[in-house]
Amino acid sequence: MKHIMIIDDSPTIRMSVEYALSGLGFSMHHAENGSDGLEEVKNIKGTGVDVALCIVDINMPVMDGITFIGEFRKTDRFTPVLVLTTEAEELKIKEGRVAGASGWILKPFRKQDMLNVVQKLIRC
Ligand SMILES: [Mg+2]
């Protein structure tokens, strides 16, 4: 089973991502900021399984998405990281790419767009 990490401070967004991907049979893990996301990734990897994909918001309290990507990339260079962004944050896309993001999707997203980008990133 593939494990996916969903990191966003909005529970509504986390649930909508989970809903969009529910047909793929993944195990979904939630975190509400970058710091909790790093902790949860460490917990998952500690049980001997790999995280197939991280989906991360930009604007979050405690640790934002760009910082999360930078920290995550210190120990994991290859797992895809998909950035959830809003129109207002479009300048952040470049920052995200520099930090090591693999792709991005605009919020609000359509279910099919989320499915397409995830399937492209993890080839499922
Ligand atoms: Mg946010």
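**Figure 1. Strands 3 and 4 pair side by side in this predicted model.** Strand 3 covers residues 51–57, and strand 4 covers residues 81–85. Their pairing is parallel and runs over four bridges. Look for cysteine 54. Its bridge partner in strand 4 is valine 81.

**Figure 2. Five strands make one open sheet.** Which order do the strands take across the sheet? The order is 2-1-3-4-5, and the pairing is parallel. Strand 2 (27–31) and strand 5 (103–106) stand at the edges. Each of these two has a single partner strand, so one side of each is left without a neighbour in the sheet. From one strand to the next, the twist averages 20 degrees.

**Figure 3. Helix 1 packs on the sheet.** This helix spans residues 11–20. Which strands does helix 1 touch? It touches strand 1 (3–7), strand 2, strand 3 and strand 4. The direction of helix 1 makes about 155 degrees with that of strand 1.

**Figure 4. Helix 2 lies across three strands, namely strand 1, strand 2 and strand 3.** Helix 2 is built from residues 34–46. Relative to strand 1, helix 2 runs at about 165 degrees.

**Figure 5. Helix 2 meets helix 3.** Two packed helices are described by the angle between their axes and the distance between the axes. Here the axes of helix 2 and helix 3 (residues 65–75) come within 9 Å. They cross at roughly 30 degrees. Angles under 35 degrees count as roughly parallel, so helix 2 is roughly parallel to helix 3. The crossing of helix 2 and helix 3 is right-handed. Helix 2 brings Gly34, Gly37, Leu38 and Val41 to the contact. Helix 3 brings Gly65, Thr67, Phe68, Glu71 and Phe72. By class, this contact of helix 2 with helix 3 has four nonpolar, four polar and one charged residues.

**Figure 6. Helix 3 also packs with helix 4.** Helix 4 covers residues 92–99. At what angle do helix 3 and helix 4 pack? The angle is about 10 degrees, and the axes are 9 Å apart. That makes helix 3 roughly parallel to helix 4. On the helix 3 side, find Ile66, Ile69, Gly70 and Arg73. They meet Lys92, Glu95, Gly96 and Ala99 in helix 4. By class, the contact of helix 3 with helix 4 has three nonpolar, two polar and three charged residues.

**Figure 7. A cis peptide bond joins lysine 107 to proline 108.** The omega of this bond is near -5 degrees. Where is proline 108? Proline 108 sits in the loop between strand 5 and helix 5 (111–122).

**Figure 8. Valine 62 has a positive phi.** The value is about 70 degrees, although valine 62 is not a glycine. Valine 62 is found in the loop between strand 3 and helix 3.

**Figure 9. The close-ups belong to one chain with five helices and five strands.** What pattern does the chain follow along the sequence? Read in that direction, the pattern is β-α-β-α-β-α-β-α-β-α. Along its principal axes, the C-alpha trace spans about 35 × 30 × 25 Å. The chain has 124 residues. For that number, a compact globule would have a radius of gyration near 14 Å. The chain has 13 Å, which agrees.

Technical notes
Residues numbered from 1 in each chain as written. Predicted model: local features only at pLDDT ≥ 70, side-chain atom pairs only at ≥ 80, totals over all residues. Pairing = 2+ DSSP bridges. Axes fitted to C-alpha atoms, helices over the stretch in contact; angles between N-to-C directions. Contact = placed C-beta atoms within 7 Å. Parallel < 35°, antiparallel > 145°, perpendicular 65-115°, else oblique. Left-handed = near helix turned anticlockwise from the far one by under 90°. Nonpolar A, V, L, I, M, F, W, Y, C, P; charged D, E, K, R; others polar. Rg over C-alpha atoms; globule rule 2.2 N^0.38 Å.
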